[in-house]
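Student: I've just opened this one and I don't know where to begin. Could you walk me through it, one question at a time?

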Amino acid sequence: MKNYVCELCGYVYEPANGDPDNGVAPGTSFDDVPADWVCPVCGAGKSEFVPE
């Protein structure tokens with residue numbers, strides 16, 4: 001699974017870690033992250049993320 005980086009702030013979504021503080025379990029691929037999930041640092045939507 002690929003990491004994805006927020007183009008606005010540089011936050012890296014790592015599937016191995018997920019984002020448990022925001023309801024995304026470890027092991028969740030970026031494609032399976034809910035559409036309404038936002039960057040936990042800057043609030044950007046999924047569309048602002050690109051593969052690392």
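**Starting from one lysine**

Student: Leaving aside neighbours within four places in sequence, which residues is Lys46 in contact with?

Tutor: Contact here means heavy atoms within 4.5 Å. Setting aside anything up to four places off in sequence, Lys46 has contacts with Phe30, Asp31, Val33, Pro34, Ala35 and Trp37.

Student: Before I go on, what kind of model is this?

Tutor: Residues are numbered from 1 along each chain as its sequence is written, and side-chain values use heavy atoms, with hydrogens and water left out. Local features need pLDDT of at least 70, side-chain atom pairs count only at pLDDT 80 or more, totals for chains, interfaces and linings use all residues, and the model itself is predicted.

Student: Okay, where is the place of Lys46?

Tutor: Helices (H or I, at least four residues) and strands (E, at least two) are DSSP runs, numbered from the N terminus. Lys46 belongs to neither β2 nor β3: you'll find it in the loop between β2 and β3.

**The overall build**

Student: How many helices and strands does the chain have?

Tutor: Reading from the N terminus, the elements go β-β-β. That gives 0 helices and 3 strands.

Student: In what order do the strands of the open sheet lie?

Tutor: Two strands pair if DSSP finds at least two bridges between them. β1 and β3 do so in the antiparallel sense, over 3 bridges, and Val5 stands opposite Val50 in β3. The open sheet has 3 strands with antiparallel pairing, in the order β2-β1-β3.

Student: So which are the edge strands?

Tutor: An edge strand pairs on one side only. The ones that do this are β2 (12–13) and β3 (49–51).

Student: What is the radius of gyration of the chain?

Tutor: The radius of gyration is taken over C-alpha atoms, and the globule rule is 2.2 Å times the number of residues to the power 0.38. For 52 residues the rule gives 10 Å, and the chain comes close to that, so it is as compact as a globular protein of that length. The C-alpha atoms fill a box of roughly 25 × 20 × 15 Å along the principal axes. The radius of gyration is 10 Å.

**Inside and outside**

Student: Is Phe30 buried or exposed?

Tutor: Buried means under 20% relative accessible area, exposed over 50%, and partly exposed in between (1.4 Å probe, protein chains only). Phe30 is in the loop between β2 and β3, and not counting residues up to four places away in sequence, Phe30 touches Tyr4, Tyr13, Trp37, Lys46 and Phe49. Because its relative accessible area is 7%, Phe30 counts as buried.

Student: How many residues does the largest nonpolar core have?

Tutor: A nonpolar core is a set of buried Ala, Val, Leu, Ile, Met, Phe, Trp, Tyr and Cys residues joined through side-chain atoms within 4.5 Å. Phe30 is in the largest one, along with Tyr4, Cys6, Tyr11, Tyr13, Val24, Val33, Trp37, Cys39, Ala44 and Phe49. In soluble globular proteins, nonpolar side chains tend to be buried together. The residue count for this core is 11.

Student: Is Lys2 buried or exposed?

Tutor: Lys2 lies in the segment before β1. Beyond four places in sequence, Lys2 touches Pro15 and Pro51. With 54% relative accessibility, Lys2 is exposed.

Student: And what does Asn3 count as, given its relative accessibility?

Tutor: Asn3 is also in the segment before β1 (4–6). Residues touched by Asn3, beyond four places in sequence, include Tyr13, Val50 and Glu52. Asn3 and Phe30 are 27 residues apart in sequence, yet 7.7 Å apart in space, C-alpha to C-alpha. At 24%, Asn3 counts as partly exposed.

**The cysteines**

Student: How many disulfides does the structure hold?

Tutor: A disulfide is a pair of cysteine sulfur atoms within 2.5 Å. Going by that cut-off, the number is 0.

Student: Then which cysteine sulfur is nearest to Cys6, and which to Cys9?

Tutor: For Cys6, which is in no disulfide, the nearest cysteine sulfur is 3.7 Å away and belongs to Cys42. Cys9 is in no disulfide either, and its nearest, also 3.7 Å away, is the sulfur of Cys39.
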